[in-house]
Amino acid sequence: MIPSFSRHNFNNVSCSATILGIGTAPLGNMFATISEQDAWQCLEQAWVDGVRVFDTAPFYGYGLAERRLGDFLRTKPRDEFVLSTKVGRLLAPRRDSKPTDTFFLSNMPFNPVYDYSYAGALRSYEDSLQRLGLDRIDILLIHDTGVAEHGADQPRMFEQAMEGSAKALRELREQQVVGSIGMGLNEWEVAEAGLQRVDFDTFLLAGRYTLLEQLSAKSFLPLCAQKGVKLMLGGVFNSGILVSDDTESATWNYATAPRDKIDRALQLKSICARHEVPLPAAALQFAAAHPQVATVLVGTRHASENAASAQWLQLPIPVGMWTDLRDEGLIAADAPSPAPVVSASLPAL
């Protein structure tokens, strides 16, 4: 059973949750197609292992991930899981036009269109409810307002999100049809700017607080602590480099890893091997150890990957390994050390 911790909670969400959650981008056929059966078995294995936090988005498979996740979750008691999805992209019927985005190998006939307006956020929320086939969403996030997505237009899009989407999300929270609101993105600097503008409850930060990268711990995570904001961490394997057997050819940020990232990952792997600890186990437990982290999300395509994540999270790790990582300057001297992992009953949030 996946361990849970009473200190981990999302503001305003009255449900039980686990430290390990599932991110469903792979279930939207990200980079590779998976069958309906494999997608269901992946989710079922996560449920059997005790996972109760599930994150998705309209962008993932252009509706496919939400549909698959909703079909599965409708077979489970609604008060036993936490569901997160996002606004910021609407799905336009593709008809005879070509795909405008090829991130997902999805057969869903839609193109994603950015829309951070007030009306766009409300429409996205209603559309997600229909794709999911559920009557409520626990956590609603503004998706991808970073420079990576918008380039030189990022300041304008960010401002539209803060004035439009954020207003819609606050109203939904006030109406108590959504529990918690926040942002989901890959750039901690943009998340920090958002938290300085809006009273968000939570953030999904992907790839920026990991065993490989910890710059977000200098100012963003302390700001979260000051404001009582909890985090979902995605991309804790940095899109592959911290979980791949072949580090030299692994990906980082969904692209070929640069030399400096490869060298640092090899250093991490060497120290972990010295203590007979799999690098993915160290990566998962390090991310989960920060007091502002409520859930660590892993994206998986197969039931066996879910089972492996559950085992890695509970694997005993010698204290000396963390000491060696600090001595080598691979993690900060004040980085929270993972405590011994003990399974427990699910706490109320």
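Colleague: Before we look at this predicted model, what makes a residue buried?

Modeller: A residue is called buried when its relative accessible area is under 20%.

Colleague: Then why is Cys272 called buried?

Modeller: Cys272 has a relative accessible area of 0%. The cut-off is under 20%, so Cys272 counts as buried. Cys224 also has a value of 0%, and is therefore buried by that cut-off.

Colleague: How many disulfides does the structure hold?

Modeller: Zero. A disulfide needs a pair of cysteine sulfur atoms within 2.5 Å, so a count of zero means that no pair here meets that cut-off.

Colleague: Let's turn to the pockets. How much space lies in the largest pocket?

Modeller: About 1,200 Å³. Its lining has 49 residues, and those closest to the centre are Ala25, Met30, Gly235, Ser239 and Tyr254.

Colleague: Which element gives the most to that lining?

Modeller: Helix H10, with five residues. Other elements that each supply at least two include helix H4 (147-150) and strand E7 (178-185).

Colleague: What makes Tyr254 nonpolar but Gly235 polar?

Modeller: Tyr is on the list of nonpolar residues, while Gly is placed among the polar ones. By class, the lining of the largest pocket divides into 22 nonpolar, 17 polar and ten charged residues.

Colleague: And which residues line the second largest pocket?

Modeller: Among them are Tyr209, Gln214, Lys218, His290 and Asp334. This pocket holds about 230 Å³ of space.

Colleague: How do you know that two of its lining residues are charged?

Modeller: Lys218 and Asp334 are in the lining, and Lys and Asp count as charged. That fits the split of eight nonpolar, two polar and two charged residues.

Definitions and conventions
Residues are numbered from 1 along each chain as its sequence is written. This is a predicted model: local features need pLDDT of at least 70, side-chain atom pairs count only at pLDDT 80 or more; totals for chains, interfaces and linings use all residues. Side-chain values use heavy atoms; hydrogens and water are left out. Buried means under 20% relative accessible area, exposed over 50%, partly exposed in between (1.4 Å probe, protein chains only). On a 1 Å grid over the protein atoms alone, a cavity is a set of points where a 1.4 Å probe fits but cannot get out, and a pocket is an open set with protein on both sides within 12 Å along at least five of seven lines; lining residues have an atom within 4 Å of a point. Grid points are joined across faces, edges and corners, and a volume is the space filled by probe spheres set on the points. Helices (H or I, at least four residues) and strands (E, at least two) are DSSP runs, numbered from the N terminus.
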